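Thank you for making time this morning. I would like to walk through one model, going from a single loop residue to the ligand, then to the interior and the cysteines.

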Amino acid sequence: MRRPVIAGNWKMHNTVAETTALVEGLLATRPPASVDVVVAPPFTSLPAAAMVAAGSPLGLAAQNVHWETHGAFTGEVSAAMLVELGVGWVIVGHSERRTLFGETDRTARDRARAAQRAGLTVIYCIGETLAEREADRTFAVLSSQTDGLGSLDPDRLVVAYEPVWAIGTGRTASPEQAQEAHAFVRSCLERAFSPAAAAALRILYGGSLKPSNAHELLARPDVDGGLIGGASLDVDSFSAIIRAAADRAAGV
Ligand code: PGA
């Protein structure tokens, strides 16, 4: 049984003071031990989050990482800089990085490789746009986005399927659409790695995941958790999603 992952992608939200309050609030809910719970604050809030979460099982993720170890790359952060802060995870290839900041499959893979070399676990994001879904190209897009992932270490990899049309829109993939896409992604990962490695890989759903739809999405066999934006900014809604994941782990 794959251990669920619930990861909160805070995007460009939460100052140091807000981060401290949110992480304290989250830890006060005593997240269940059966779920890997991760938060991804902005870079500037990572040290504060690390300080509050020290000694707890809460995982810390960065939202991006550069592929080189150091150098003249204004505005970028290396994997070693993140590791030094106590960060264990990193989100790579998020659709906002792809559409707003020119991220490609190639640069995302390079970032993922560098992150894994430094010991980080990568949450690698893929997903089709609305135009691609409507043109029946969903599987072709997912196939090309997962192509080449075979050079990564599957033990430090989590894949997030995030249909772009569902991110921040309030529109969610139906449980059937999510399961269909996740099963297809798993078949791509079988080719990239091996059937055994693909069977062990966690595939998260992202895109307007919230307490009201978490249970039915997380009940699907290939939906092993979630990458959550908006609903991760509030302790009550994020912890409700974590509880839904704990139900999955318990087979409820
Ligand atoms: P959302 O964001 O939950 O606000 O749709 C998900 C994501 O971008 O990871």
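**A buried glutamate, and what lies around it**

Let me begin with glutamate 103, which counts as buried at 7% relative accessibility, and let me say at once that what you are looking at is a predicted model. Glutamate 103 sits in the loop that joins helix H4, residues 95–101, to helix H5, residues 105–117. Its side chain has a polar contact, at 2.4 Å, with the side chain of threonine 107. If we set aside residues up to four places away in sequence, glutamate 103 touches Asn64, Gly93, Arg97, Arg98, Ala108 and Arg111.

Arginine 111 leads us on to valine 65, because the C-alpha atoms of these two residues are 6.0 Å apart in space although 46 residues separate them in sequence. Valine 65 belongs to the loop between strand E3 (59–62) and helix H3 (79–84), and with 1% relative accessibility it counts as buried. Beyond its neighbours within four places in sequence, valine 65 is in contact with a set of residues including Val77, Leu82, Val90, Val92, Arg111 and Ala115.

Now to the ligand. Which residues are closest to it? Of the 13 residues that surround the ligand, the closest are Lys11, His94, Glu162, Gly168 and Ser208. For lysine 11, a polar side-chain atom lies 2.7 Å from a ligand oxygen atom, while for glutamate 162 an N or O atom of the side chain is 2.6 Å from an oxygen atom of the ligand. In glycine 168 the backbone supplies the polar atom, which is 2.7 Å from an oxygen atom of the ligand.

Turning to the interior, the largest nonpolar core holds 64 residues, and the members that touch the most others are Ile6, Tyr124, Leu189 and Tyr205. The element that gives the most to this core is helix H11, residues 235–250, with seven residues. There is also a second, separate core of 13 residues, and among its members are Ala40, Ala61, Ile123 and Val158. In soluble globular proteins, nonpolar side chains tend to be buried together. Tyrosine 205, leaving aside neighbours within four places in sequence, has contacts that include Tyr161, Pro163, His182, Leu217, Val223 and Leu227.

Leucine 217 brings us to helix H10, residues 211–218, where the buried residues are Asn213, Ala214, Leu217 and Leu218. These four lie on the same side of H10, because they cover an arc of only 120° around the axis. An α-helix has 3.6 residues a turn, so residues three or four places apart point the same way. The elements that cover the buried residues of H10 include strand E1 (5–9), helix H8 (175–192), strand E7 (202–206), strand E8 (225–228) and H11.

Finally, the cysteines. Why does the structure hold zero disulfides? For cysteine 125, the closest cysteine sulfur is that of cysteine 188, and at 16 Å it is too far for a bond; for cysteine 188, in turn, the closest is that of cysteine 125, at 16 Å and again too far. The cut-off used for a disulfide is 2.5 Å between the sulfur atoms. Cysteine 125 is buried, at 2% relative accessibility, and cysteine 188 is buried too, with a relative accessible area of 4%.

How values were computed. Residues are numbered from 1 along each chain as its sequence is written. This is a predicted model: local features need pLDDT of at least 70, side-chain atom pairs count only at pLDDT 80 or more; totals for chains, interfaces and linings use all residues. Side-chain values use heavy atoms; hydrogens and water are left out. A nonpolar core is a set of buried Ala, Val, Leu, Ile, Met, Phe, Trp, Tyr and Cys residues joined through side-chain atoms within 4.5 Å. Buried means under 20% relative accessible area, exposed over 50%, partly exposed in between (1.4 Å probe, protein chains only). Helices (H or I, at least four residues) and strands (E, at least two) are DSSP runs, numbered from the N terminus. Contact means heavy atoms within 4.5 Å. The arc is that of the directions from the helix axis to the C-beta atoms. A polar contact is a pair of N or O atoms within 3.5 Å; within protein, one must be able to donate a hydrogen and the other to accept it, and residues adjacent in sequence count only if both atoms are side-chain atoms. A residue is near a molecule or strand if one of its heavy atoms lies within 4 Å of it.
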